[in-house]
Amino acid sequence: MFFGAGAEFGLTFWSAAYVQLNFQTGAWVAGLGTGAVAFGMFLGRSGFGFFARPDYIRYVLLGSALCTIPVTLLLALLKPGILPPALGFPTLFLLLILAGTGVATFWPSVQVYGVTTMPELDSTMLYICFSALGIPGCGIFTLLMGVIGDRYGLRGGILVIPVCLALFAAVIFLECWVFAKRRKNSGTA
């Protein structure tokens, strides 16, 4: 939850500043950038909610993290002049929508995964604990993006997002496949 929340909130928090500072736009266009992320998150949470069943949540989490890494890397590499003007902003907003779609699954899906894999525990307490674990990720990674942005530019700060996604994917892979297999083999699952 910590790394997933860092990726999700870092993208949401810094998208407007990223658009405004790196593409020399006004606040209105920067707000459209945040709106693109929000629209992507709406699509992601609605869409994944239709087919994400408890047995498939680990695949959704790992797949969305791995697929969003190249999207956010492209987002960090995109700069004015790299594409013809007619393609620059449509590409930027498409990447923001895709990134929003990719990170949308993390917060609710991690909570559902935890509740379904630990049915002996109180589900309300688990939802609260998972949410509480996400809050420090929101703050720490947003702060880190700002520090890197001040030092190297916000394009460098955006690179924190694919790093969070890679760490999130590693944790999901370890929890859902490596440690789950060990628990099953030891008879504690």
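**Exercise 1. Determine how many helices and strands the secondary structure of the protein comprises, and state the pattern along the sequence.**

Solution. In this predicted model, the secondary structure comes to 8 helices and 0 strands. Reading along the sequence then gives the pattern α-α-α-α-α-α-α-α.

**Exercise 2. Assess which radius of gyration a compact globule with 189 residues would have, and what value the protein has.**

Solution. Step one: for 189 residues, the expectation for a compact globule is a radius of gyration near 16 Å. Step two: the protein has 17 Å, which agrees with that expectation. Step three: for the extents along the principal axes, the C-alpha trace spans about 60 × 35 × 25 Å. Step four: buried residues account for 41% of the 189 residues. Finally, among contacts between residues at least 6 apart in sequence, 76% join residues at least 24 apart.

**Exercise 3. Characterise how the axes of helix α1 and helix α4 cross, and identify which residues make the contact.**

Solution. Step one: the axis of α1 (residues 2–22) and that of α4 (residues 85–103) come within 10 Å and cross at roughly 165 degrees. Step two: angles over 145 degrees count as roughly antiparallel, and therefore α1 is roughly antiparallel to α4. Step three: the crossing in which α1 passes α4 is left-handed. Step four: α1 contributes Ala7, Glu8, Leu11, Ser15, Tyr18 and Val19 to the contact, while α4 contributes Leu92, Leu96, Ala99, Gly100 and Val103. Step five: sorted by class, the contact of α1 with α4 has 8 nonpolar, 2 polar and 1 charged residues.

Technical notes: Residues are numbered from 1 along each chain as its sequence is written. This is a predicted model: local features need pLDDT of at least 70, side-chain atom pairs count only at pLDDT 80 or more; totals for chains, interfaces and linings use all residues. Side-chain values use heavy atoms; hydrogens and water are left out. Axes are lines fitted to C-alpha atoms, for helices over the stretch in contact, and angles run from 0 to 180 degrees between N-to-C directions. Helices (H or I, at least four residues) and strands (E, at least two) are DSSP runs, numbered from the N terminus. Angles under 35 degrees count as roughly parallel, over 145 as roughly antiparallel, 65 to 115 as roughly perpendicular and the rest as oblique. A crossing is left-handed if the near helix is turned anticlockwise from the far one by less than a right angle, and right-handed if clockwise. Contact means heavy atoms within 4.5 Å. Ala, Val, Leu, Ile, Met, Phe, Trp, Tyr, Cys and Pro count as nonpolar, Asp, Glu, Lys and Arg as charged, and the others, Gly among them, as polar. The radius of gyration is taken over C-alpha atoms; the globule rule is 2.2 Å times the number of residues to the power 0.38. Buried means under 20% relative accessible area, exposed over 50%, partly exposed in between (1.4 Å probe, protein chains only).
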